[in-house]
Amino acid sequence: MSFFEEKNPEMDRYLEMHASSEPEVLRKLRRETYHKTTQPHMISGYQQGRLLTIVSQMIRPENILEIGTFTGYATLCLTAGLTKNGKITTLDVNEDLAYLPKKYFAESEYSSQIDFKLQDAKQFLRETDEIFDLIFIDADKENYADYFRLIKPRTKSGSVVMFDNVLWYGKVLEESPKQKSTIAIKELNDLIGKDDDFENLILPLRDGVNLLRRK
């Protein structure tokens, strides 16, 4: 649950009621995530999932990168806009939970276009020469600034990047934060805001999404 949902759950329910319906495969995955994982709040929310789907469908990416698979909910939302020959590479390091996204990826109509890798994201970014049209990052917050530096060479004009949890339950307002994750997220937001190669906007959706477009 996000900082904003805690403040106004009635508004959150209203927003969900007036958004496009959730596909059945995502509904099943969300339900199983809450039944079988110890931190189900890590799943991309229903509203955020709709955002990912709409952005992907608008830009029609050929190559998507996701850092932080968890149970695969956001992955499946992002696949909705893939071109016919497009693919999504999704990275995670949690081997114990890998069975769950694999199960739902196999059920998806986009199964052949999903490349699920159990690999450290920084290692992948240092080794790959791929260029991505769309990147979504929802992983270990302490590495957010490093991820931004590493993904920049992997983007082109028009590439869209999204970082999740960039308001961090309102902790980004702390002037002298002690938590490493808070410090890292504040650093990320500062880096993005000062980078003239991107235009961006922080959306106050759930826990905040920093939406970037490469100029």
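These are my notebook entries on one protein structure, which is a predicted model.

**Entry 1: overall form**

I began with the secondary structure and found nine helices and seven strands in the protein. I then looked up the box that the C-alpha atoms fill along the principal axes, which is roughly 45 × 45 × 35 Å. Next I asked how the radius of gyration compares with that of a compact globule. For 215 residues such a globule would have a value near 17 Å, and the protein has 16 Å, so the two agree.

I also checked how the contacts are spread along the chain. Taking contacts between residues at least 6 apart in sequence, I noted that 69% join residues at least 24 apart.

**Entry 2: surface and charge**

How much of the protein is buried? I found that buried residues make up 53% of the 215. The accessible surface comes to about 10900 Å², and carbon and sulfur atoms account for 50% of that area. For charge, I noted 30 positive and 35 negative side chains. The centres of these two sets lie 1 Å apart.

**Entry 3: the cores**

I turned to the largest nonpolar core, which has 29 residues. The members that touch the most others are Leu52, Tyr73, Leu76, Leu78, Leu134 and Met162. I then looked up which elements supply at least two residues each to this core. The helices are α3 (24–36), α4 (46–59), α5 (73–79) and α6 (99–107), and the strands are β3 (114–118), β4 (134–137) and β5 (160–164). Which of them gives the most? It is α5, with five residues.

I followed Leu78 further and left out residues up to four places away in sequence. Leu78 touches Leu52, Ser56, Ile64, Glu66, Ile88, Leu134, Phe136 and Met162. I also recorded a second, separate core of 26 residues, which includes Leu125, Tyr147, Ile151 and Val166.

**Entry 4: helix α8**

Is helix α8 largely enclosed or open? I found that six of the eight residues in α8 (residues 144–151) are buried, so this helix is largely enclosed by the rest of the structure. The buried ones are Tyr144, Ala145, Tyr147, Phe148, Leu150 and Ile151. I note again that Tyr147 and Ile151 belong to the second core.

**Entry 5: two arginines with positive phi**

I looked at backbone angles next. Most residues other than glycine have a negative phi. Arg60 is not a glycine, yet its phi is positive, at about 50 degrees. Arg60 is found in the loop between α4 and β1 (63–67). Arg206 likewise has a positive phi, near 50 degrees, and is found in the loop between β6 (198–203) and β7 (209–214).

Which of these arginines is buried and which is partly exposed? Arg60 has a relative accessible area of 44%, so I list it as partly exposed. Arg206 has 12%, which is under the 20% limit, so I list it as buried.

**Entry 6: Thr37**

My last look was at Thr37, found in the loop between α3 and α4. Its relative accessibility is 13%, so Thr37 counts as buried. What does Thr37 contact, leaving aside neighbours within four places in sequence? I found Glu32, Phe70, Thr71, Leu97 and Leu100.

I also looked up a distance across the model. The C-alpha atoms of Thr37 and Pro153 are separated by 35 Å, and the two residues are 116 residues apart along the chain.

Technical notes. Residues are numbered from 1 along each chain as its sequence is written. This is a predicted model: local features need pLDDT of at least 70, side-chain atom pairs count only at pLDDT 80 or more; totals for chains, interfaces and linings use all residues. Side-chain values use heavy atoms; hydrogens and water are left out. Helices (H or I, at least four residues) and strands (E, at least two) are DSSP runs, numbered from the N terminus. The radius of gyration is taken over C-alpha atoms; the globule rule is 2.2 Å times the number of residues to the power 0.38. Buried means under 20% relative accessible area, exposed over 50%, partly exposed in between (1.4 Å probe, protein chains only). Contact means heavy atoms within 4.5 Å. Accessible areas come from the Shrake-Rupley method with a 1.4 Å probe; for residues, only the protein chains shown count as cover. Lys and Arg count as positive and Asp and Glu as negative; His and the chain ends are not counted. The place of a charge is taken as NZ of Lys, CZ of Arg, CG of Asp or CD of Glu. A nonpolar core is a set of buried Ala, Val, Leu, Ile, Met, Phe, Trp, Tyr and Cys residues joined through side-chain atoms within 4.5 Å.
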